[in-house]
Amino acid sequence: MGTRLELIPVGEWNIFPEGKAPMLIAGPCSAESESQVMQTAEGLRALGVNVFRAGVWKPRTHPNTFEGVGAPALQWLGRVQKELGMKVVTEVAGEKHVSDCIKSGVDMVWIGARTTANPFLVQEIADALKGTDIPVLVKNPVSPDIDLWIGALERLNQAGVKKLGVVHRGFSTGEKSRYRNEPLWQIAVELRTRYPELPFFADPSHIGGSREYLHELSQRALDLGLDGLMIESHCDPASAKSDAGQQVTPEDFGKLISGLVVRKADSDSPEYKENIDQLREQIDVIDENLLSLLASRMNLSRSIGKYKKEHNIAILQTSRWDAVLSQMKERAESYGLSAEFVSAIFNAIHEESVQEQNKILSDDSGDEN
C-alpha cells in the first residue's frame, strides 16, 4: 500500500475548463513542424479542446528514427498558447527537459512509461521540479507493476509536486494481443481505489496502437469512471513521422468524442439510491460468505500439509492442480464467468494454499516425518 499523497484538486490547476467532462488532452504524437502544430491545434481548438499535447523529445525503440525536433519545438507550443489561448503539455524524461519546459512556459508535463519505470530518472525529474507549480501527469510503467507506478508518484509528491495526475496507457506483457499494449484495467481500477482523489486519464491511442480501437477503449475508460482522455490527433495522420496508425484528424477526433457516453459519478434519485443499496447489501453478504469459505479451504489445506509432512510428501502436485484448474476453467462459462477470471482467482487461492502447506512442512516443532 502506498503512502498518502498530498494533492491539489484538479479544479485548482487552471488547466481544464471547469465542469466539463471528460477532461480532454489532444494533439499529435510529435511536434514535427510549426505549420503541423498550428494546423492541428486550430482544428482541435475549434472543437472546444483546451489542452494541446505534442511530443518534443521522443523516446524511440530504434536509433536513426525521428526522435523529435527538441527544444526549438517549444517555441511552436508557445504560439499555441499565445495565439489560440490553449494550455500546452509535453513529455519530459530528465532534468534538461524540465529546465527547458520551465523556461519556455509549458503549462503541464507528463512522464512517459519508460521513464516511470526508472526510479533514477523519476527522482531527477522530481528534483528539477522542486519549487515549481507545474502539474505533472505520470503514465504507468511499461511493465504491469503498480508499486513502480505509485513509487513515481511518491517521489514527485515528496519533492513538493502536489498537482499530480496519472495516465493509463496499457502494459507490455509479451502476450499476443490485438492491442499495442494490454489494458489490464484491473491495475487501473486498483490504483483508482487506492487514490480516488488522483485525476485519472486514459490514453486509448497507446493502448490500442490503432485508431480503430479508439472508441471502444475510450468508452471503457469512461464506463470505469476515469476522469479524462489523452488522444493523439494529427492534421495529416498518414504523413506522421511517428505512430501514424493511431492518430486521427481533428475532424475524426470530434466525431469520436461526440459518440462517447459520459457516465455520472452518482445520482440523487431516491429510487436509484434505494435499489443500489439493496444490491450492495446482497454483495456484502456474499463477500462475507466468500471469506468464510476461503477460511474453510485454507484449514483443509493446512490439514493436507500436516498429512503430507507425516508421509514425507512434496507440497506441489502439479498434475493434480493442472487437472483441477482445467476443470474450473471449463465450468466457468456455465456460470457466466470468463476463463481468464476464474484462472486468476483459483491460481491465487492455490498459491496461498501452497504457502500455508509450506509453513507446516517448515515447522520443525511439529511431529516427525
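This briefing describes the overall make-up, a helix pair, the salt bridges and a surface patch of one protein chain. The model is predicted, and the values below are computed from its atoms. The protein chain holds 13 helices and 8 strands, and its C-alpha trace spans about 80 × 50 × 40 Å along the principal axes. Of the 369 residues in the protein chain, 44% are buried.

**Packing of helix 6 and helix 7**

- Two packed helices are described by the angle between their axes and the distance between the axes.
- For helix 6, which covers residues 146–158, and helix 7, which covers residues 185–194, the packing angle is about 40° and the axes lie 11 Å apart.
- Angles under 35 degrees would count as roughly parallel and those from 65 to 115 as roughly perpendicular, so helix 6 and helix 7 are classed as oblique to each other.
- The crossing in which helix 6 passes helix 7 is right-handed.

**A salt bridge between helix 6 and helix 7**

- Arg 194 and Asp 147 form a salt bridge in which the closest N and O atoms are 4.0 Å apart.
- This pair links distant parts of the chain, since Arg 194 belongs to helix 7 and Asp 147 to helix 6, with their positions 47 residues apart in the numbering.
- Arg 194 is partly exposed at a relative accessible area of 23%, and Asp 147 is also partly exposed, with a value of 49%, because the partly exposed class runs between 20% and 50%.

**Salt bridges within single helices**

- Side chains of opposite charge can pair when their charged atoms come close, and the count for this model comes to 18 salt bridges.
- In helix 3, the side chains of Asp 100 and Lys 96 meet in a salt bridge with an N to O distance of 2.9 Å, and because these two residues are 4 residues apart in that helix, they are separated by about one helical turn.
- The two partners in helix 3 differ in their surroundings, as Asp 100 is buried with a relative accessible area of 12%, whereas Lys 96 is exposed with a relative accessible area of 51%.
- In helix 10, which covers residues 250–258, Lys 255 and Glu 251 are likewise 4 residues apart, about one turn of the helix, and their side chains meet in a salt bridge of 3.8 Å from N to O.
- Glu 251 is exposed, with a relative accessible area of 55%.

**A salt-bridge network**

- Elsewhere, Glu 34, Arg 79 and Glu 83 are joined into one network by salt bridges that share partners.

**Ser 99 in helix 3**

- Ser 99 lies in helix 3, which covers residues 95–104, and it counts as buried because its relative accessibility of 19% falls under the 20% limit for that class.
- Ser 99 and Gln 357 are 258 residues apart along the chain, and their C-alpha atoms are separated by 55 Å.

**A nonpolar surface patch**

- Tyr 335, Leu 337, Phe 341 and Ile 345 make a nonpolar surface patch of about 420 Å².
- Ile 345, one of the residues of this patch, is placed in helix 13, which covers residues 339–362.
- Ile 345 is partly exposed, with a relative accessible area of 37%, and therefore passes the requirement of over 30% relative accessible area that applies to patch residues.

How values were computed. Residues are numbered from 1 along each chain as its sequence is written. This is a predicted model: local features need pLDDT of at least 70, side-chain atom pairs count only at pLDDT 80 or more; totals for chains, interfaces and linings use all residues. Side-chain values use heavy atoms; hydrogens and water are left out. Patches are made of residues with over 30% relative accessible area and no salt bridge: like charges are joined within 9 Å, nonpolar side chains (Val, Leu, Ile, Met, Phe, Trp, Tyr) within 5 Å. Accessible areas come from the Shrake-Rupley method with a 1.4 Å probe; for residues, only the protein chains shown count as cover. Buried means under 20% relative accessible area, exposed over 50%, partly exposed in between (1.4 Å probe, protein chains only). Axes are lines fitted to C-alpha atoms, for helices over the stretch in contact, and angles run from 0 to 180 degrees between N-to-C directions. Angles under 35 degrees count as roughly parallel, over 145 as roughly antiparallel, 65 to 115 as roughly perpendicular and the rest as oblique. A crossing is left-handed if the near helix is turned anticlockwise from the far one by less than a right angle, and right-handed if clockwise.
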